[in-house]
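Subject: Structure for you to look over

Dear colleague,

I am handing over the structure we spoke about, and below it I have set out what was found in it. Please read the notes with the coordinates open beside them.

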Protein chains: 2
Amino acid sequence: MRIVEAMVAVAMTAGLSAALACEQIAPRGTGDLGVVVERAAGRLQLVDTSARTALAAIDGLGDLSHASVVFSRDGRFGYVFGRDGGLSKVDLLCRTVAKRVVQAGNSIGGAISQDGKLVAVANYTPGGVKVFDADTLELRADIAAWYGEGRRAKVVGLEDVAGSRFVFSLFEAGEIWMVDLASGVPVVTRFPGVGREPYDALVTPDGRYYLAGLFGEDGLALLDLWHPERGVRRVLPGYGRGEDRLPVYKMPHLEGWALAGRFAYLPAIGRHEVLVVDIDTWQEAARIPVAGQPVFVMARPDGRQVWVNFAPPDNALVQVVDTETRTLVSTLEPGRVVLHLEFTARGEAVWISARDDDRVIVYDTATLLPLATLQADKPSGIFFASRAFRIGL
Amino acid sequence: MRIVEAMVAVAMTAGLSAALACEQIAPRGTGDLGVVVERAAGRLQLVDTSARTALAAIDGLGDLSHASVVFSRDGRFGYVFGRDGGLSKVDLLCRTVAKRVVQAGNSIGGAISQDGKLVAVANYTPGGVKVFDADTLELRADIAAWYGEGRRAKVVGLEDVAGSRFVFSLFEAGEIWMVDLASGVPVVTRFPGVGREPYDALVTPDGRYYLAGLFGEDGLALLDLWHPERGVRRVLPGYGRGEDRLPVYKMPHLEGWALAGRFAYLPAIGRHEVLVVDIDTWQEAARIPVAGQPVFVMARPDGRQVWVNFAPPDNALVQVVDTETRTLVSTLEPGRVVLHLEFTARGEAVWISARDDDRVIVYDTATLLPLATLQADKPSGIFFASRAFRIGL
């Protein structure tokens, strides 16, 4: 019997509450923890990226379709944004749901402030952003996305940026809003007329640029957060489905966009290509042919490779591109319906979810060989606690 | 009585060993932990970067002059490299020295492998690198820095790079060595003739370039780790003390070099300047006048600012440079003998040690106002556990 079990036994004998048993969990660091979303089951699998094993299941999280997770700055808590408007604060050490609020009818992701004190959620219904105290989940701000004549827009592309600020886009309104909560009271700066139907966005890894993709027209809306006074401008006018409206089997995720040095690697929309863009000029620098319509284009943390997954019918493949030569290095087949990829913080491994094979495969990014396979029930997103240390993730 | 204390009381009653009391430490994440080196006392102060407070003192670490610390990938353990050849594995949760070996007579820093499994130490006496199992501190490799006719060089500038590889420089030999431990047996690649007396080195944040400063001549030795077959080349031939051998009050630290976008910010040697270098071409792009001879030039994680401290007699100052305009933003006076600066991972705060005022000051990097002051006994280096998630730190 290990000491922890002995302690629990002693505690039980002494009549202490079993609900406090987490106090007896053996000490462990949180830097190598992560979660795999088991979408259909509404459950997270807690994983250990050092041992490459599953540690526990955490359920009671509601509808986890399209769920995403951010982490507290101590790495202990994950904030889970469910599709059903649920915001759950999960304790990765105690393996429990520490707090949960259903804060809207329909929501789509969130962010945590640079100082870790505020968690913001992007809501479709009712359209807006709600901001919560990261510790207590008490409501701190409720920003309704009003536009036009008393209508509320769906909010998408919510990102944390420097300061107590969040930036997000209003789908129907064609606006980008920046909210500053440094004073405790939300101060909103509106950027109207940025383009038709912004549908997703990203922040560059340095936190400087907010880029929104447009569903309703081609091009991207760019906000330089070092100079918000300069407003939003349009870049990459050819980025999109084009005049002939190519069929798109799945809209790419913008947060997956990869930056390696001064070049961004973007999923082309509707085309079997990865685009290379020079972010010094925001001009296209090259196109790399790939196996299908890319969904996520993710840079290995050192920028030497980008890894790409695809929309149907090519969603059993993952391709690896060398960024120096801009050529394909390898085509992998992790399993059916690859939904997500997550690199370890220092990039030695990547975890890939293959939903319809109910598994997560871990690859060595140097040898491109599998290191481990974990069983998971219809896995979708994979999120590691080391995200706590990056802006805009 | 809190539950933890109750448990301890119960455990004591039950006759369980007090030595196991760490098992009852309340769960906490490790992502916001850090240590401040109290050099004269041979002690670490464990700090909490969320609450901005000291949590505990950890002593029994030997001579901590010029000590540095790396962290396990779970964030629980710090590996402390003392000047006396001591390698200590400190448990940040249990607040104890978990293991300690005195592995050489005189050493100067170390590194942890990308996968977190190996810890390497750079030794002056006897000259070489020893590599240890990160878990047990058992010796895994002993690489003697032989050169010429049976002599051993002091090893400096030891850095972890992608794979199970470390790169380091041999001071008297004028060589750079790369050791690959992927097979379990060290495979050494030698780069002789890189320049006279390499004295310190850095790896760029993407892990691609290893740069060694030369004490014995001007210029820098550059190894492209994506292409080690191309060998080491000399860059920035004017970097150094110059032909007139300027007086240098303290050699700058190279690991402090800052990268913001494609520009590196370097401490000039002997001059009151920060140099700006375009790393696409390795040509000097600008010089920024500052208050004294810079020692550390550190980029805020978003690259918007660099913070600079100085050699005597200007070592009570810290200056903040805006990287966009390349102008001074502010001159701060944190206290006497500023030795080190450490940014939080997402850059909202910076911790600065002022040795002769026995304090650490925490600044808000947006307002440049102090947020907290911690008492510390002759503080020198400050190291946060979030370093675990970066290559070459």
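In this predicted model, a turn of 180 degrees with a shift of 0.0 Å along the axis lays chain A on chain B, and the RMSD of that superposition is 0.0 Å. That is the relation of a two-fold axis. In keeping with this, both copies use the same surface, since 100% of the contact residues of chain A recur in chain B.

As for the extent of the interface, 53 residues from chain A and 53 residues from chain B take part in the contact, and the area buried between the two chains is about 4600 Å², with carbon and sulfur atoms giving 54% of that figure. On the side of chain A, the residues that lose the most area to chain B are A:R73, A:W226 and A:R346, which together make up 19% of what that side buries.

Turning to the polar side of the interface, there are eight salt bridges between chain A and chain B, one of which joins the side chains of A:E348 and B:R73 at 2.9 Å, N to O. Across the same interface, 29 residue pairs are in polar contact, counting pairs in which both residues have pLDDT 80 or more. Helix α1 of chain A (residues 3-13) supplies five residues, the largest share of the side of chain A that touches chain B, and by class that side comprises 20 nonpolar, 15 polar and 18 charged residues.

With best wishes

Note on methods: Residues numbered from 1 in each chain as written. Chains lettered and ligands numbered in written order. Predicted model: local features only at pLDDT ≥ 70, side-chain atom pairs only at ≥ 80, totals over all residues. Heavy atoms only, no water. Contact = heavy atoms within 4.5 Å. Buried area = accessible area lost by both parts, 1.4 Å probe. Salt bridge = Lys/Arg side-chain N within 4 Å of Asp/Glu carboxyl O. Polar contact = N/O pair within 3.5 Å; in protein donor to acceptor, adjacent residues only side chain to side chain. Helix = DSSP H or I, 4+ residues; strand = E, 2+ residues; numbered from the N terminus. Nonpolar A, V, L, I, M, F, W, Y, C, P; charged D, E, K, R; others polar. Least-squares fit on C-alpha atoms with pLDDT ≥ 70 in both.
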